[in-house]
Amino acid sequence: MAVDDFSHTHPLLHSNGAHANNNHKKNISLVSLAKWVLKLTMWIVFLAYVALFFLIPTDFGTELYADWTAATNGSLFGDIGSMLLLYGAPIIFIAFLAVLYLLISGEDQHQYQLQEKKAPRFRLWTFPVLVDGPLGVVSAAELIGIILFIVFVIWSAYVYTVVIIGTLPGDSTPKDKSFFIVENLALRIGTIGLYCLAFLFIPVARGSVLLRLINIPFEQAIRYHVWLGHLTMLLFTVHGLLYVIAWTIEGHLLKLILEWADAGVAHLAGVISLTAGLLMWMTSLYPVRRNKFELFIYTHQLYVIFIVFFAFHAGHFIFCVPAGGIFLFILDRFLRFCQSRKTVDIISIKCLPCGAMELMFSKPANLRYNALSFIFLQVRELSWLQWHPFSVSSSPLDGKYHLCVLVKVIGEWTGKLRGNVLNSSRADLHLQPQTKITASIEGPYGHELPYHLMYENLILVAGGIGISPFLAILSDILHRTREGKPCLPRNILIVWAVKRSNELPLLSSNDMELICPFFSDKLSLEIRIFVTRESQPSLEEGQVHEAMYSSPPISNSSNMSVLVGTGNNIWSGLYVISSTLGFVILLYLLDIFYVNPYDISPWWYKALLLVICMLASVFIFGGVVVSLWHLWERQNATREARKDDRIVVEKMQHDEILARNDSCQQKILSSTNTYYGSRPDFKDIFGDISEKWGCVDVGVIVCGPPSLQTSVAKEIKSRNIRRQRNHPIFHFNSHSFEL
């Protein structure tokens, strides 16, 4: 029967198909409407929350605050409830809506963004504005945020100064006036620091639903924590120093420093909290962090002392201001603790001649990540406290059951790791990671959306081991091109600067022809390599560098854990919701059965009870969800048919690819343009691209030292400002090189 005849005899096929298509379009419209409503609601709540901080210092804000506390003091939780509703609830409410937004969007929300091209346009997040300052490369959107914080600090300081001058006693002595001014300035500057503290812990919640909502990964958000940390500690330090001056003027310095009052602030607790904060602040400065990373890590564990004694110092009422952000941090920290308890199989290790190592870890099939993700790795034989971040060098499409990272020896910890690998391999041809190297992993973390797929034209600029995430990007694009999955990139330029030619084999870890045969018919790929410290090719140029392999045996149950905030949207959402509801329940029970019946009044003690409620809600209520999540993970792993066989097959395939890569290294490198004794001239490179690619959006991703990022950002800023109509718009994106 002909096709036309078949369709005429089965008209329902057309009607059912049209009906299904209409239902699909209707569902998409409903989803879009729901997302729009959620997004609008979150923006309204956020803007109202920000406006609150600007209004509070004013007379109008003071009146509103007084009316609010009067109206809510008789509510369920009394004065704590009024402050939590005002300062903590907005952050938690936005997190609730973010959970719903991510659930509605689904894991493949980016596919709709890849279906059609858009006219080239500037974007605030990718337009570099400041490129040479102490803050590094700052985009237009980031500059707006910085200006808002600066305006807030100046505005608050101005309003508080006017209030202090207006309330200055006219008939007092000069000494009393000096004491009054200094003490009130100390109080107000501490208040400004308190408001900054409300945001300080939000960027360091690695798997936070808020970071996922705005598609800013932890490796980029950490710089906001650094900026806020400097500002907050500066304000708190001035706050403390001014109080020392005021108490010295009054003549009771030692007595007041050691005071621990039940009603009001506890001064000694504030001294302890500030001391812990200063130790963290000093050791987090770049020279110390760069040269003494272990010292930075160890002293930063003092954040527990800082938070607890700050709560003692400020009391329950004031501690409610930063409670929302701290609660989200506790949620993330507990989930990280649960994930990191599990040891992970190292499937294979490849030691390259340049000193780098490729580690392949076993992971479950349902643990998702993007090509620009990164993990935190702990090796217990080296340190129980140190967790080092590494970019993922494999694409999620390389295999369901493994994940790879490249590790280069650039410090004491990585040097010890390579030493352990080499010593174990020399002693025994087969490395036993379960006895020699005990690895644990937190993550993977990264962008919620794979933004490298959003550009039809890509420029990838790497310095040294910074090529690692670009290997994942390249593999991801090749896999998607072969399988016909949504993928915009069609023109790719890789600019790679290395010190010596022995690093070039890093590029051969991807066999592009094996991943996507005849990829050159669908993808324009150009690679330019700059060897900066060699004036000419070495005598070994073109020879195959033999790498050392270690293939450890694979155990049955040592995959990476899926207990990560960026993992399953349903489970992570239930975890956030259950913990928050548990916090409300525990706070209510505590108030009904303990605080009110026993007339608990000390501020510091009620703050301690508040902190205990936050911790207990996460451990108990959130812990139940985590336990069920873990049980679901184990059952899901059991249901995967012949899981172990598939892992072994993937490992064998990976080893085969590695062997083939070594044999075809010369072929890959011969297809690139290699320049010796020179550095990339980005003015010429971007000028050439401008003429070649025309009026398009060009995504530029940089992974390298700060000097490299600055050079690229400076050229992008210059070209975008002086852009001609037929030239591209360059979008600057950086992948953290020194997390």
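How many bridges join β3 to β9, and do they run parallel or antiparallel? Two bridges join them, and the two strands run antiparallel. Strands and helices here are DSSP runs numbered from the N terminus, with at least two residues (E) for a strand and at least four (H or I) for a helix; two strands pair if DSSP finds at least two bridges between them. The model is predicted, so local features need pLDDT of at least 70 and side-chain atom pairs count only at pLDDT 80 or more, while totals for chains, interfaces and linings use all residues. Residues are numbered from 1 along each chain as its sequence is written, and side-chain values use heavy atoms, without hydrogens and water.

Within the β3-β9 pair, Thr 343 stands opposite Ser 440 in β9. Both strands belong to an open sheet of four strands in the order β3-β9-β6-β7, with antiparallel pairing. The edges are β3 (343-344) and β7 (388-391); each has a single partner strand, so one side of each is left without a neighbour in the sheet.

Strand β9 (residues 439-445) also carries Glu 442, and Arg 206 lies in the loop between α6 (174-200) and α7 (209-213). The side chains of these two residues form a salt bridge at 2.7 Å, N to O, a contact defined as a side-chain nitrogen of Lys or Arg within 4 Å of a carboxyl oxygen of Asp or Glu. The pair therefore ties together parts that are 236 residues apart in sequence. Glu 442 and Arg 206 are both buried, where buried means under 20% relative accessible area, exposed over 50%, and partly exposed in between (1.4 Å probe, protein chains only).

By the same rule the count comes to 17 salt bridges. One of them joins Arg 123 and Asp 697 at 3.8 Å, N to O. Arg 123 sits in the loop between α4 (78-105) and β1 (128-130) and Asp 697 in strand β15 (residues 697-703), so this bridge connects parts 574 residues apart in sequence. Arg 123 is partly exposed, at a relative accessible area of 27%, whereas Asp 697 is buried, at 13%. Another salt bridge links Arg 482 and Glu 483 at 3.2 Å, N to O. Here Arg 482 is partly exposed, with a relative accessible area of 41%, and Glu 483 is partly exposed at 37%. Elsewhere, salt bridges with shared partners join Arg 206, Asp 332, Arg 336 and Glu 442 into one network.

Asp 697 also has a place in strand pairing, as this residue stands opposite Ile 729 in β16. Strands β15 and β16 pair in the parallel sense over six bridges. Five of the six residues of β16 (residues 729-734) are buried, and the strand is mostly covered.

Strand β8 (residues 402-407) has six of its six residues buried, so it is largely enclosed by the rest of the structure. His 402, Cys 404 and Leu 406 point one way from β8, while Leu 403, Val 405 and Val 407 point the other way. The strand pairs with β5 (residues 357-362) in the antiparallel sense over six bridges, and Cys 404 in β8 is the bridge partner of Met 360.

One further site concerns the loop between β11 (491-498) and α17 (512-515), which holds Lys 499. Lys 499 is partly exposed, with a relative accessible area of 46%.
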